[in-house]
Amino acid sequence: SYAVSVTSHHTLVADGFVTHNTVHSAVDILHTAYFEKNSIILVMVTQKKLMNRMLEIMSNYLRKSDIKSTFKMKGGKKAGTGDVEPTYDYEITVGDGFSHIRFFFLGNNPDKVRGQRATHIYIDEAEYYPDAAWPVITGIIKGRPDIKLTSTSTPCGIDGTWFFNFCKT
């Protein structure tokens, strides 16, 4: 196991790879939603400020893009009575609703994502999730094993966390 930190920089170049977990994830999410039609992408973050940061990154990239009009950004969905679909905190639709990017900040309530359908799951800052979030996330994946999972984190290297053990195996 290695932990690498880079002071006063936002990008790390390691063995030819340029990496910054949040920026990379934001760009990859936009790419996936645009090129993989009918995708449902769940983006899970630990805090609302992380969601807002990813949305800011996405907005900045789209602002400079020829395809910006394809992406429609809007607030969250409130689940109604009898609605089995969990509430999401923010959604971006692509095209005429062909693909959806749904953000969830899990914080103190990881159960809010339970039962959600997805083709892709992106987990940002995975090492900082509460242990209660992992059974919910893995439950979604067990229900549909073909879901593509991307998990990134600034590692803290704390032994015994779910994410640490997951990376070791």
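This note goes through salt bridges in a predicted model.

1. Overall count. The model holds 6 salt bridges. Three of the pairs are taken up below: E56 with R53, R114 with D111, and R144 with D146.

2. The pair in helix α2. E56 and R53 form a salt bridge, with 3.5 Å between the closest N and O atoms. Both residues belong to helix α2, which runs over residues 48-63. They sit 3 residues apart, about one turn of the helix.

3. Exposure of that pair. Is E56 buried, partly exposed or exposed? E56 has a relative accessible area of 42%, so it is partly exposed. R53 has 40% relative accessibility and is likewise partly exposed. Both values lie between the 20% and 50% cut-offs.

4. R114 and D111. Their side chains meet in a salt bridge, at 2.6 Å from N to O. R114 is partly exposed, because its relative accessible area is 47%, under the 50% limit above which a residue counts as exposed. D111 is partly exposed too, at 42% relative accessibility.

5. R144 and D146. What distance separates the closest N and O atoms of R144 and D146? The separation is 3.0 Å, and the two residues form a salt bridge. R144 has 34% relative accessibility, so it counts as partly exposed.

6. Points to check in the structure. For the helix α2 pair, look at E56 and R53 across about one turn. For R114 and D111, look at the 2.6 Å contact. For R144, look at the 3.0 Å contact with D146.

Technical notes:
Residues numbered from 1 in each chain as written. Predicted model: local features only at pLDDT ≥ 70, side-chain atom pairs only at ≥ 80, totals over all residues. Heavy atoms only, no water. Salt bridge = Lys/Arg side-chain N within 4 Å of Asp/Glu carboxyl O. Helix = DSSP H or I, 4+ residues; strand = E, 2+ residues; numbered from the N terminus. Buried < 20%, exposed > 50% of the residue type's maximum accessible area, 1.4 Å probe, protein only.
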